[in-house]
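Let's take a friendly walk through a protein structure. Have a look at the picture first, and then read on.

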2 protein chains.
Amino acid sequence: KKFQDSLPIICFLREMKSKHDTRKLTHSIKVGIALVLVSLLYLLDPLYKQVGENAMWAIMTVVVIFEFYAGATLSKGLNRGVGTILGGGLGCLAAAFAQEVGGIGNGIIVGISVFIFGVAATYSRLVPKIKKRYDYGVMIFILTFNLVAVSGLRAEKVMQLARERLSTIVMGFSVCIFTSLLVFPIWAGDELHDSLTSRFEDLARSIEGCLEEYFKFVAEKEKQSSFSFSPCKSVLHSKSKDELLANFARWEPWHGKFGFSYPWGKYLKIGEVLRDMAANMLSFKGYLHSSTQSSQDARGLIKEPCEVVGSSLAWTLRELGESIKKMRKCETTSLITPKLKSMRQELSQAISPSTLGELENSDGIEIASFVF
Amino acid sequence: KKFQDSLPIICFLREMKSKHDTRKLTHSIKVGIALVLVSLLYLLDPLYKQVGENAMWAIMTVVVIFEFYAGATLSKGLNRGVGTILGGGLGCLAAAFAQEVGGIGNGIIVGISVFIFGVAATYSRLVPKIKKRYDYGVMIFILTFNLVAVSGLRAEKVMQLARERLSTIVMGFSVCIFTSLLVFPIWAGDELHDSLTSRFEDLARSIEGCLEEYFKFVAEKEKQSSFSFSPCKSVLHSKSKDELLANFARWEPWHGKFGFSYPWGKYLKIGEVLRDMAANMLSFKGYLHSSTQSSQDARGLIKEPCEVVGSSLAWTLRELGESIKKMRKCETTSLITPKLKSMRQELSQAISPSTLGELENSDGIEIASFVF
């Protein structure tokens, strides 16, 4: 961290760009460093004499494996390694078997085995569970199996070829792991943690904004409204990103405050509940822009209890978000539950004059109490 | 189609599996065929004499490029082609320049150029717009640039090497295009079209189910409810899949009823409106499971108008979905608009006794009228 701060160029760039862009720049520079490191296999004579043309595979590994998040790099690298070993092993067997037969049968057997393994592996790639975590590994399996089985017909020393390639892939992998995990690592777990906790804040702000908007006078409303539902929408559409991040985070080793078998699955569940709540929030859009709305007077009647409820809902959300962020047990739980109960009662009293807008809160509480 | 039906094995498998699985199987078999075709470069002596070890690149191209949807294959293939050409060209330049300098400066210049291009290209991969459509191309650019620049130090005939590799990649690409586009193609456009139209039906069914559930007697409710919101949820979370499919569909050539510059962007917009509507539907969940609900009598009061409105909403949705499916102008538009207007009036009358449950429909209409 110190080192990075002392470089004037990086300081300048950092001022120019937001925190997010700095991370992108860090990642790009890390990739550049890894590429130069792995190119040394070609550039330095003593190393080149050892590995020869196979250095190509190390470069390929670095380019293909190096991903933005440390977990993604690790997962791709392990997938590639296992896929290569399995594919190479089976490929050798197929080639050896084909050579036993010899003659024209040789080529036919290789062709048939390529077809069968290709079909089976491709089909397995389409199974959702495998696709999610091992897609890349299966692809590498197909590739390696094919290359080894087919070139086994020509090269006499398949085993040696396979061993050399594997060793260069391991070299590329270690360069990746070194730069990805040890030099300013970008953890998918951190990202997931931050994005989840910031969503609590987003929702709290949306509730407040929404209520404010709702109780504005008509005259004010005609001015451009500053309130938008876009944070709600982004919460709503966070599902696929969450799943991706959780998937990477599972591969990541112990770091920072996250232990080894950290329950990333729970993040997904909390995310689900937040999305439900965002969906509820979005449905208030209709009330805000509706013209056949209850009169101003009616709104005035329910204004006070609604605002009380709204602000304590927002407070509750912030409290929960904060406690997840700091990873401590929510100390105020004992406070929150009775508070929500009393809010519900207050609301059902306010409902008895039964004015329309009321529903929007009772609904929110429905979900908030669902969080518990 | 005829040919596929006549094979007994495929018939048998088709009976066993659903339509979706048949497509997966078709895809797997197509990949198998493509792999065998491209392996012929190794297996047949006359072909092998022409291409030699470079046949490896053809196999690699097939394995990496061949995707489930025709559009995805095409997009990856073109990305790979353009990335290889650009990377190869720049790599040759860098290698030539380095050779001019000679000596130790040679290696240093190659190292610096690898670093600069690596950083720049990696950073551009993180720009959302480029990431969405050209991610793979940029990756291949980095890879090819590196390999060519670095091996330029060793091999004298870089140009020839590059040309041979490019020609084998083109071979692999043509095998892919042939099997992917001409043999039972699986179009991303068709998939997007079908999934969008089926969502109209899903929502219509959800509206009906939701109303039915709402007006059930309490006693009945205690039985297990058959109604679930899962179709609504799947509509809600369709965003990322839609964007992926539309992205692939844009690459696909003219096929079936879809023209060349078919407005796939509009599908995304319609999808957005449907997701808004699904979010509204989901917010009714609160009403269904709420215990502090309006009494049975109050519900009875509004039952009739609600059911009328609900069924015509469902009808409208089905009509719209049908018209998009058959790609004809919706003939009933002149009917729908006044119908929705009269529904809205009917509802505002029903609201005057101001019972709670009413809101759930006025809200649905809000959105339905928003569709127009």
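To talk about how two helices cross, we fit a line to the C-alpha atoms of each helix over the stretch in contact, and angles run from 0 to 180 degrees between the N-to-C directions. Keep in mind that this is a predicted model.

Now try this on chain B. Helix H7 (residues 103-125) and helix H8 (residues 128-151) have axes that come within 9 Å and cross at roughly 170°. Angles over 145 degrees count as roughly antiparallel, so H7(B) is roughly antiparallel to H8(B). Among the residues making this contact are Val110(B), Val114(B) and Phe117(B) of H7(B), together with Val138(B), Ile142(B) and Phe145(B) of H8(B).

Next, compare two residues in the table.

| Residue | Helix | Relative accessible area | State |
|---|---|---|---|
| Asn79(B) | H6 (residues 70-101) of chain B | 9% | buried |
| Leu182(A) | H9 of chain A | 62% | exposed |

What does Asn79(B) touch, leaving aside its neighbours within four places in sequence? Its contacts are Arg133(B), Tyr134(B), Tyr136(B) and Gly137(B).

Leu182(A) has company on the surface: with Ile33(A), Leu37(A) and Phe178(A) it forms a nonpolar patch, and together they have about 370 Å² of accessible area. Two helices of chain A, H3 (19-43) and H9 (158-182), each supply at least two residues of this patch.

Finally, how many residues of helix H5 (residues 55-65) of chain B are buried? Eleven of its eleven residues are, leaving H5(B) mostly covered. Trp57(B), Met60(B) and Thr61(B) are among the buried residues.

Notes: Residues are numbered from 1 along each chain as its sequence is written. Chains are lettered from A and ligands numbered from 1 in the order in which they are written. This is a predicted model: local features need pLDDT of at least 70, side-chain atom pairs count only at pLDDT 80 or more; totals for chains, interfaces and linings use all residues. Side-chain values use heavy atoms; hydrogens and water are left out. Patches are made of residues with over 30% relative accessible area and no salt bridge: like charges are joined within 9 Å, nonpolar side chains (Val, Leu, Ile, Met, Phe, Trp, Tyr) within 5 Å. Accessible areas come from the Shrake-Rupley method with a 1.4 Å probe; for residues, only the protein chains shown count as cover. A salt bridge is a side-chain nitrogen of Lys or Arg within 4 Å of a carboxyl oxygen of Asp or Glu. Helices (H or I, at least four residues) and strands (E, at least two) are DSSP runs, numbered from the N terminus. Buried means under 20% relative accessible area, exposed over 50%, partly exposed in between (1.4 Å probe, protein chains only). Angles under 35 degrees count as roughly parallel, over 145 as roughly antiparallel, 65 to 115 as roughly perpendicular and the rest as oblique. Contact means heavy atoms within 4.5 Å.
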